[in-house]
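Here is a friendly walk through one protein model, written for someone who thinks at the bench. Keep the structure open beside the text and follow along.

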Amino acid sequence: MFTLNRRNFQRRPWQLTVAGLSVLCLGLAACASSGGSGGSGGSGGSGGSGTIKVGQITTISGGYPFGDTVKGTQSYFNMINKHGGVNGHKISLVYGDDKGTPSQAATLARQFVLQDHVVAMVGNTSLIDCITNKGFYQAEHIAVIGGGTQPLCFNQPNWDPVNAGPYVGHEVMWDYTFNQLHPKSVCEIEQNDPSSIAPYNAERAWWEKNHPGVKSLFTEITYTNDATVNPTPAVAAAKSKGCDTIELSTVAPNLVAFVKAAKSVGWDGTFTCLGSCYDASVPATLGALAEPGGLGPKDKGIFVGAELAAITSPNPNVKQMVSQFKIDGTPANFWSEIGWVSAMVFVKGLEQDKHANLSTAQGVLSALKAMKPINTGFAATPLTFGPGSAHSPNRGSQELLIQHGQWVIAPHQNAGTFMKEPPLPPLPG
């Protein structure tokens, strides 16, 4: 078995110091316009009743349900508004579902900015927003803080992802899989979002080139996966090809469906998935099937790469987040956590400048560009917006495993740490 070169991998403590975490309007404080709103109303910006109006574009339908991001964002704003808002201004959120289509993403961006007069976008987590609205956001001086799903999200001056992203996530997942799980044969089943296929292929080719021996372990690589697709044929194919590990890029409900499909066809093996599969409800939903050995003697368990802090942390600030989620009826998962952390970075950035002009998008963007990094406690590295032409502040991920009915840090990692990854190769965007 080959060994990866570990010299390029640094580890950093997983500090938990600030509160923060999951496809529809249900559970939010209120719903309005084309999306929803929470907090106090207003005429836009921080005028009128003194609110700061922000927008969010998220892919809620279309096969990839990221909509719990809305709930996480709203939960954080609910907590902030309860305590007086930002520099005396409460925050109002409007949101919309782009359905994974460029036309809808473009329409929502123009509606929120030009008609609703939002001063920033917070929590955007979309398959298409980064690509579709890059030029528009720059022209209108709109800052965007959200979840990056594609390379272009990490390569523009107005866009700041709070997550590590699927490309750092893949590196951590491959490193752990091939060094710790030692699979004989991997069937990789990626999401069938067309904009992700070229970057995933490019990253895998780079990884294989730099780690001889990996390529021979990928028995099959397919792009057939979203939440609307029956996973049974894919699992049956993995069984017929002799794969003892299935690697996924999907969302938690689909992970559950895959595991149940594996049981139905008699596949015995291990599941690994990106952080998008992280959901506090998965262990209880799957029960004994989630435990190592649940599918058979070859099953080493269900592993996911957490890009943000696990909600089981004893840190009091994480407990505060979980408490707010319970108050608001917000599910605890990767997507709601992205929403929470996006809102937190936005608020902390504005709070650093007591004299920021919060009535205009340009004033908000200027304040965020001047933001000093903060140890949020939810990422491997301090988060910021900052003045750069590209943003990738979160540089780590960590493997979690379901054991005894809960997510725990996977074996053979230093407890309480993320793996910090080296810079990614150039990827097509």
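## Around the parallel sheet

Thr 58 stands opposite Asp 97, a residue of strand S5. Keep in mind as you look at this pair that the model is predicted. From S4 the chain passes through helix H1 (residues 68–82) and on to S5, a β-α-β crossover that is right-handed. Strand S4 (residues 52–58) pairs with S5 in the parallel sense, over 7 bridges. Another facing pair between residues is Lys 53 and Ser 92, the latter in S5. Helix H1 packs on the sheet, where H1 touches S4, S5 and strand S6 (120–125). The direction of H1 makes about 175° with that of S5.

Now step back to the sheet as a whole. It is an open sheet of 5 strands with parallel pairing, in the order S5-S4-S6-S7-S8. S5 and strand S8 (159–161) stand at the edges with a single partner strand each, so one side of each has no neighbour in the sheet. On average, neighbouring strands here are turned by 25° against each other, direction ignored.

Is strand S5 enclosed or open to the outside? Because 7 of the 7 residues of S5 (residues 91–97) are buried, the strand is largely enclosed by the rest of the structure. In a regular strand, side chains alternate between the two faces of the sheet. Both faces of S5 are covered: Ile 91, Leu 93, Tyr 95 and Asp 97 are buried on one side, and Ser 92, Val 94 and Gly 96 are buried on the other.

Helix H11 also meets this sheet. H11 lies across S4, S5, S6, strand S7 (143–147) and S8, and runs at about 160° to S6. Then there is helix H12 (residues 361–369), whose buried residues are Ala 361, Gly 363, Val 364, Leu 365, Ala 367 and Leu 368. The cover over these buried residues of H12 includes S6, S7 and H11.

## Charged pairs

The count of salt bridges in the model comes to 4. Three of them are set out here, with the distance between N and O atoms.

| Basic residue | Acidic residue | N to O distance |
|---|---|---|
| Lys 71 | Asp 68 | 3.7 Å |
| Arg 204 | Glu 188 | 2.9 Å |
| Lys 348 | Glu 351 | 3.9 Å |

Where do the partners sit? Lys 71 and Asp 68 are 3 residues apart in helix H1, which means that about one helical turn separates them. Both Lys 71 and Asp 68 are buried. Lys 348 and Glu 351 are likewise 3 residues apart, in helix H11 (residues 334–351), so about one helical turn lies between them. Their surroundings can be read from the accessibility: Lys 348 is partly exposed at 28% relative accessibility, and Glu 351 is partly exposed at 24%.

The salt bridge of Glu 188 with Arg 204 has its closest N and O atoms 2.9 Å apart. Glu 188 lies in strand S9 (residues 186–191) and Arg 204 in helix H6, so this pair ties together parts that are 16 residues apart in sequence. Buried or exposed, how do these two partners count? Glu 188 has a relative accessible area of 1% and is therefore buried, the cut-off being under 20%. Arg 204, at 5% relative accessibility, also counts as buried.

Arg 204 deserves a closer look. The residue is found in helix H6 (residues 194–210). Its side chain also joins that of Asn 201 through a polar contact of 3.0 Å. Leaving aside residues up to four places away in sequence, Arg 204 touches Trp 174, Glu 188, Glu 190, Phe 218, Ile 221 and Tyr 223.

## An antiparallel group of strands

Further along the chain, strand S14 (residues 396–403) is mostly covered, with 7 of its 8 residues buried. Strand S13 (residues 302–306) is joined to S14 by 4 bridges, and the two run antiparallel. Within this pairing, Val 304 stands opposite Leu 400 of S14.

S14 also pairs with strand S15 (residues 406–409), in the antiparallel sense and over 4 bridges. Leu 401 stands opposite Val 408 in S15. Which residue takes a positive phi in the hairpin of S14 and S15? It is His 404, with a phi near 55°, in a hairpin that has 2 residues between the strands.

Conventions: Residues are numbered from 1 along each chain as its sequence is written. This is a predicted model: local features need pLDDT of at least 70, side-chain atom pairs count only at pLDDT 80 or more; totals for chains, interfaces and linings use all residues. Side-chain values use heavy atoms; hydrogens and water are left out. A polar contact is a pair of N or O atoms within 3.5 Å; within protein, one must be able to donate a hydrogen and the other to accept it, and residues adjacent in sequence count only if both atoms are side-chain atoms. Contact means heavy atoms within 4.5 Å. Buried means under 20% relative accessible area, exposed over 50%, partly exposed in between (1.4 Å probe, protein chains only). Two strands pair if DSSP finds at least two bridges between them. A crossover is right-handed if, with the strands pointing away from the viewer, the path from the first strand over the helix to the second runs clockwise. A salt bridge is a side-chain nitrogen of Lys or Arg within 4 Å of a carboxyl oxygen of Asp or Glu. Axes are lines fitted to C-alpha atoms, for helices over the stretch in contact, and angles run from 0 to 180 degrees between N-to-C directions.
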